[in-house]
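Here are my notes on the model you sent, set out as numbered points. They cover the charged pairs, the sheet and the nonpolar packing.

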Amino acid sequence: MNVLIVDDNEAAADLLQELLSLQDHTARCTYSGAQALEACAGEMFDVALVDITLPDLPGTEVARRLRAGTHPPLLVAVTGLSSQDAGASEAGLFDHHLQKPIDFDALDRILERAGHRSSAAS
């Protein structure tokens, strides 16, 4: 899977990138909403892990813009908020929700499903 990581916590994003690379995924980190949108303009991603609280654009706005693209990735909200607290602002924007700290087993299941989705689309 080609995974975009969008998180202003650079250390956490970089660590997640390393972990995904160890699992034979390709991962790219961006640390702001603007960087994420720029990355998606030049590259197709299968999955985007988007932090909800970014310094320049809310993660929901990043998701809205990615969803409007011609080949939107599977969108996963990553937040410190509980899914119930975050749900109102994310309704319909994200395919999945992960609470920080990320449960890597849950992330693996999402990536596996995304792989099946990608295979079925081709």
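1. A salt bridge here is a side-chain nitrogen of Lys or Arg within 4 Å of a carboxyl oxygen of Asp or Glu. Arg-64 and Glu-61 meet that condition, with their closest N and O atoms 3.2 Å apart. Please keep in mind throughout that this is a predicted model.

2. Both residues of that pair, Arg-64 and Glu-61, belong to helix 3 (residues 59-67), where they sit three residues apart, about one turn of the helix. Arg-64 has a relative accessibility of 42% and so counts as partly exposed. Glu-61 is also partly exposed, at 22%; the cut-off for buried is under 20%.

3. How many salt bridges does a search of the whole structure find? The search gives six. Two others that deserve a look share Lys-100: one is formed with Asp-7, and one with Asp-51. In each of the two, the closest N and O atoms are 3.3 Å apart. Asp-7, Asp-51 and Lys-100 are thus linked in a network of salt bridges.

4. What does the pair of Asp-7 and Lys-100 tie together? Asp-7 lies in the loop between strand 1 and helix 1, and Lys-100 in the loop between strand 5 (96-99) and helix 5, so the pair ties together parts that are 93 residues apart in sequence. As for the surroundings, Asp-7 counts as buried because its relative accessibility is 8%. Lys-100, at 32%, counts as partly exposed.

5. The other partner of Lys-100, Asp-51, is located in strand 3, so this second pair ties together parts that are 49 residues apart in sequence. Asp-51 is buried as well, with a relative accessibility of 2%.

6. The five strands form an open sheet with parallel pairing, in the order 2-1-3-4-5. Strand 2 and strand 5 are at the edges with a single partner strand each, so one side of each has no neighbour in the sheet. On average, neighbouring strands of this sheet are turned by 20° against each other, direction ignored.

7. At one end of that order, strand 4 and strand 5 pair in the parallel sense over four bridges. Val-78 stands opposite Leu-98, a residue of strand 5. Helix 1 lies across strand 1, strand 2 and strand 3, and runs at about 175° to strand 2.

8. Next, the nonpolar packing. In soluble globular proteins, nonpolar side chains tend to be buried together. The largest nonpolar core in this model has 19 residues, and those touching the most other members are Val-3, Ile-5, Leu-20, Val-47, Leu-49 and Leu-107. Two or more residues are given to this core by each of strand 1 (2-6), helix 1 (10-22), strand 2 (26-30), strand 3 (47-51), strand 4 (74-79) and helix 5 (104-121). Which element provides the largest share of this core? Helix 5 does, with five residues.

9. Leu-107 illustrates the packing. Leaving out residues up to four places away in sequence, Leu-107 touches Leu-16, Leu-20, Leu-49, Leu-98 and Ile-102. Apart from this core lies another, of 18 residues, whose members include Leu-4, Val-6, Val-50 and Leu-57.

Conventions
Residues are numbered from 1 along each chain as its sequence is written. This is a predicted model: local features need pLDDT of at least 70, side-chain atom pairs count only at pLDDT 80 or more; totals for chains, interfaces and linings use all residues. Side-chain values use heavy atoms; hydrogens and water are left out. A nonpolar core is a set of buried Ala, Val, Leu, Ile, Met, Phe, Trp, Tyr and Cys residues joined through side-chain atoms within 4.5 Å. Buried means under 20% relative accessible area, exposed over 50%, partly exposed in between (1.4 Å probe, protein chains only). Contact means heavy atoms within 4.5 Å. Two strands pair if DSSP finds at least two bridges between them. Axes are lines fitted to C-alpha atoms, for helices over the stretch in contact, and angles run from 0 to 180 degrees between N-to-C directions.
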